[in-house]
Amino acid sequence: MEVTNVTASTHLVPVDVPLRDEVKRRRVVVAAVETDEGITGHGVAAKPQWFGVRSLINEEVGPLVEGMNPLETERIYKQSQLEINPRYQTGVWHSAMSAVDIALWDIAGKYHGEPVWRLLGGAQNPVDAYVTFGLKNFNREQLAEVAADFASQGETRLKMKVGINGADDLPEDEARVAAVREAVGDDVELMIDANHEFSVNQAIKLCERLEEYDITWFEEPVYANDPELLSKLRERTTIPISAGQNDGGRYRHRQLMTRGAVDIVQPNVVYNGGYTEGRKIAHLAQGFNLDIANGGGWPHHNAHLHAGMENGWRVEYHYIMYRVGEKLFDDPPHIDGNQVELPEEPGLGFEPDMDALDEYEVTSTAEVDW
């Protein structure tokens, strides 16, 4: 079997925000990899440098991969690295390879008649999941209302954003966490995410304020996910620390682990290089007796990694990004009562909705209302 064609397109997908007259738009790159046996796989990359990712796939990664055997994912990954990214930089190349590699695994599953999660190891299905509901643009009352609504539906693992008012209002961050905890009670797991906006001193102070609220983990608390700063913070708090969703490949994650910077490792196959690199990160984490918990959204693809790996722990159903996936793909796996069950259909088990791709496609920055 040979790859005959690789193409990528860019899309801007709108999602309504609960309780607010507001629309969030998410940038998505969709890659299609075709073969001479009529099997086509699809993958995605998201948000940062999306036009650059599209261009890199169409003009460099695609021509390199064409003619290669799509089942030889290690060979393709290594060859792309050597030819296009010899210094192993993160950024556009990792995102481009994420989309292409996910598509290659989709092809492999269809070729072998097995779902991707089983090819990755088949450790568990269903796999545990959680909902990210707590957007910064909610006020306290809205946060509490949305959290309570999810909890009433049986989704009792919830994550919210902190770093309100430019990450310079710790009393308000505490008040928002307190409002959610009061609304959902003590039996709901509550996670917080700062999107690496705090200095280490601010993060330490916030942890001191939040110790009493039983936080399951504090995600990306400090600038640039700096391993040294994360390690310092981890020594000063009992709240578990997590990071890694946008941190490139295995070498950056190895730094997080060897420096004792995290309790939970967070590879995301849409950003970290796809399943070929994602499972390496998961195996590294196994060597440190650490679980992986998806951060950065895109659950429909990340759930396969977590179901495949022994240490796959939690898949993030970020409200905005899982709604994007529901718009772009035909019946992707849904969260139900803190779990997601992956399909037995070969490959990813879901296909792009071509009408939706056409509707939301953008081809240049002139079409985007920045």
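In the predicted model, Phe-198 is in contact with Val-162, Gly-163, Ala-167, Leu-170, Asp-173, Ala-203, Leu-206, Phe-218, Pro-221, Val-222 and Tyr-223, its neighbours within four places in sequence being left aside. The largest nonpolar core comprises 87 residues, and Phe-198 belongs to the group that touches the most other members, together with Phe-133, Val-177, Phe-218, Tyr-275 and Leu-328. A second core of 31 residues is separate from this one and includes Val-33, Tyr-88, Trp-93 and Leu-104.

Aromatic pairing was examined over the whole structure, and 11 aromatic pairs were found. A pair of this kind is described by the distance of the ring centres and the angle of the planes. For Tyr-77 and Trp-93, the centres lie 5.4 Å apart and the planes stand at 70°, so the arrangement is edge-to-face. This pair joins distant parts of the chain, since Tyr-77 is located in helix 2 (residues 73–84) and Trp-93 in helix 3 (residues 92–112), with their positions 16 residues apart in the numbering. Tyr-77 and Trp-93 are both buried. An edge-to-face pair is also formed by Trp-105 and Tyr-275, with 6.3 Å from centre to centre and 75° between the planes. Here too distant parts of the chain are linked: Trp-105 lies in helix 3 and Tyr-275 in helix 11 (residues 274–287), 170 residues apart. Both Trp-105 and Tyr-275 are buried. Beyond individual pairs, Tyr-77, Tyr-88, Trp-93 and Tyr-251 are joined by ring pairs into a cluster.

The packing of the helices that carry these rings was then considered. Helix 2 and helix 3 pack with their axes 11 Å apart and at an angle of about 160°. Because this angle exceeds the 145 degrees above which helices count as roughly antiparallel, helix 2 is roughly antiparallel to helix 3. The crossing of the two helices is right-handed. On the side of helix 2, the meeting residues are Thr-73, Ile-76, Tyr-77, Ser-80, Gln-81 and Ile-84, and on the side of helix 3 they are Trp-93, His-94, Met-97, Asp-101, Leu-104 and Trp-105. The edge-to-face partners Tyr-77 and Trp-93 thus both appear among the residues through which helix 2 and helix 3 meet.

Ser-80, located in helix 2, has a relative accessibility of 0% and therefore counts as buried. When residues up to four places away in sequence are not counted, Ser-80 touches Val-61, Leu-64, Asn-85, Trp-93 and Met-97. Trp-93 and Met-97 are also listed among the helix 3 residues that meet helix 2.

Helix 3 further packs against helix 11, the two axes coming within 6 Å and crossing at roughly 95°. Helix 3 and helix 11 are therefore roughly perpendicular to each other. In this arrangement Ser-98, Asp-101, Ile-102 and Trp-105 of helix 3 meet Gly-274, Tyr-275, Thr-276 and Arg-279 of helix 11. Among these residues are Trp-105 and Tyr-275, which form the second edge-to-face pair described above. Tyr-275 is also one of the members of the largest nonpolar core that touch the most other members.

Arg-279 recurs in the surroundings of Met-309. Met-309 is placed in the loop between helix 12 (299–308) and strand 11 (312–318). With a relative accessible area of 2%, Met-309 is buried. Apart from residues up to four places away in sequence, Met-309 touches Leu-120, Ala-123, Gln-124, Arg-279, Ala-282, His-283 and Gln-286. The C-alpha atoms of Met-309 and Gln-286 are separated by 9.3 Å, the two residues being 23 residues apart along the chain.

Several loops show backbone geometry of note. Most residues other than glycine have a negative phi, and most peptide bonds are trans. The peptide bond from Asn-125 to Pro-126 is cis, however, with omega near 10°. Pro-126 occurs in the loop between helix 4 (116–119) and strand 4 (127–134). A positive phi, near 70°, is adopted by Leu-19, a residue other than glycine. Leu-19 is found in the loop that runs between strand 1 (3–16) and strand 2 (23–35), and with a relative accessible area of 43% it is partly exposed. Phi is likewise positive at Ala-224, with a value near 60°. The loop that holds Ala-224 lies between strand 7 (215–219) and helix 9 (227–236). Ala-224 is exposed, its relative accessible area being 56%.

Notes. Residues numbered from 1 in each chain as written. Predicted model: local features only at pLDDT ≥ 70, side-chain atom pairs only at ≥ 80, totals over all residues. Heavy atoms only, no water. Phe/Tyr/Trp six-rings, centres within 6.5 Å; stacked < 30°, edge-to-face > 60°. Helix = DSSP H or I, 4+ residues; strand = E, 2+ residues; numbered from the N terminus. Buried < 20%, exposed > 50% of the residue type's maximum accessible area, 1.4 Å probe, protein only. Contact = heavy atoms within 4.5 Å. Core = buried A, V, L, I, M, F, W, Y, C linked by side-chain atoms within 4.5 Å. Axes fitted to C-alpha atoms, helices over the stretch in contact; angles between N-to-C directions. Parallel < 35°, antiparallel > 145°, perpendicular 65-115°, else oblique. Left-handed = near helix turned anticlockwise from the far one by under 90°.
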